[in-house]
Amino acid sequence: MYYTNDTVLFVNGKFIPAREATTDLFSQTLHYGYGVFEGIRAYRSVNGTKIFKAKEHFERLAKSCALAGIPLNYHVEELIQASYQLLEKNNLSNAYIRPLVYCGPNMSLTAPKEVFVMITAWEWGKYLGDQLLNVCISSYQRPNPKSIKVEAKVCGHYVNSIMATNEARQRGFDEALMLDMEGRLAEGPGANFFFEKNGELVTPPLGNILPGITRHTVLEICHELDIPVEQRHATPEELFEADSAFFCGTAAEVVGIQSVESQAFPKPWKKTLGAIVQEAYQNLVLDKSYSYVIV
Ligand code: PMP
């Protein structure tokens, strides 16, 4: 249930009931996936409702639009304000916020004449649940960054993510881990990826992955907590020798991985660097202090 009879949406500068919202079936976004979106979370923090990294998310939305060539006629600050108002109007505090920039009717493969902005929000649990995940290595690679703007969150890119997720579920796994076009570790269909080896975290560098805001937050947490972390390419073979691993993303937050292709990681999750990061992340989004002393 993403909306009820009472849900209010932000559509093109106005707050309207979801049941009255309409869209044109000839939208370029519907036919060609030519649109841009974001995924953001709000939390009931110790200081009231807080949209976590709101500026970073709306700046990425603006950047995605610029990279895709879709004009966005709003300032980041306006969209942040609209999101806070939206939460209030829907009486939401712990919520997932979904802004979508979509195009008007145009069946040609040309720049859009009309561009619209919609923001909605709903209560959503952790996207990949609370349990440790059994992950497979996807047969679907992440798209070639020379075919698309990999750093943009463009609607159509998510066909690749849906195919990978469906394949993983059909094979009986919880989630897919995707490789890049060179066969190196990349990311999940909707989350970035880290693994641990010998007391150090490793995550793929930017270039073939979405530059996740949670990934960036994890790097900040590691810096703060003196957890060594390296951004470098790694192979699936190296992963099979790793001690532990996790995914991170706005919707999934930080979620531990139990096994890859049915090979379990040797470290119990609670003893991993990922578990420390997971707790620090929860404290951070709730505005609690998260400093530890690692001995
Ligand atoms: N990779 C992909 C492909 C994603 O869709 C997401 C979710 N936006 C992420 C990584 C994680 O990004 P973020 O931490 O900004 O949510």
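The shell around the ligand mixes residue classes: five are nonpolar, six polar and four charged. This is a predicted model. In total, 15 residues surround the ligand. Two topics follow: the ligand site, then a pair of helices.

**Ligand site**

- The closest residues to the ligand are Tyr158, Glu187, Ile213, Thr214 and Thr250.
- Thr250 also places a polar side-chain atom 2.6 Å from an oxygen atom of the ligand.
- Arg60 has a polar side-chain atom 2.8 Å from an oxygen atom of the ligand.
- Lys153 pairs with a nitrogen atom instead: an N or O atom in the Lys153 side chain is 2.7 Å from a nitrogen atom of the ligand.
- How much of the ligand's accessible area does the protein cover? On its own, the ligand has 380 Å² of accessible area, and the protein covers 97% of that.

**Helices α5 and α7**

- Helix α5 spans residues 213–224, and helix α7 spans residues 273–285.
- Their axes lie 10 Å apart, and the helices pack at an angle of about 105 degrees.
- Angles of 65 to 115 degrees count as roughly perpendicular, so α5 is roughly perpendicular to α7.
- On the α5 side, the contact is made by Thr214, Thr217, Val218, Ile221 and Cys222.
- On the α7 side, the partners are Val277, Ala280, Tyr281 and Leu284.
- By class, the residues of this contact are seven nonpolar and two polar, with no charged residue.

**A shared residue**

- Thr214 appears in both topics: it is among the closest residues to the ligand, and Thr214 in α5 takes part in the meeting with α7.

Methods
Residues numbered from 1 in each chain as written. Predicted model: local features only at pLDDT ≥ 70, side-chain atom pairs only at ≥ 80, totals over all residues. Heavy atoms only, no water. Near = heavy atom within 4 Å. Polar contact = N/O pair within 3.5 Å; in protein donor to acceptor, adjacent residues only side chain to side chain. Areas by Shrake-Rupley, 256 points an atom, 1.4 Å probe, with all protein chains shown as cover. Nonpolar A, V, L, I, M, F, W, Y, C, P; charged D, E, K, R; others polar. Axes fitted to C-alpha atoms, helices over the stretch in contact; angles between N-to-C directions. Helix = DSSP H or I, 4+ residues; strand = E, 2+ residues; numbered from the N terminus. Parallel < 35°, antiparallel > 145°, perpendicular 65-115°, else oblique. Contact = heavy atoms within 4.5 Å.
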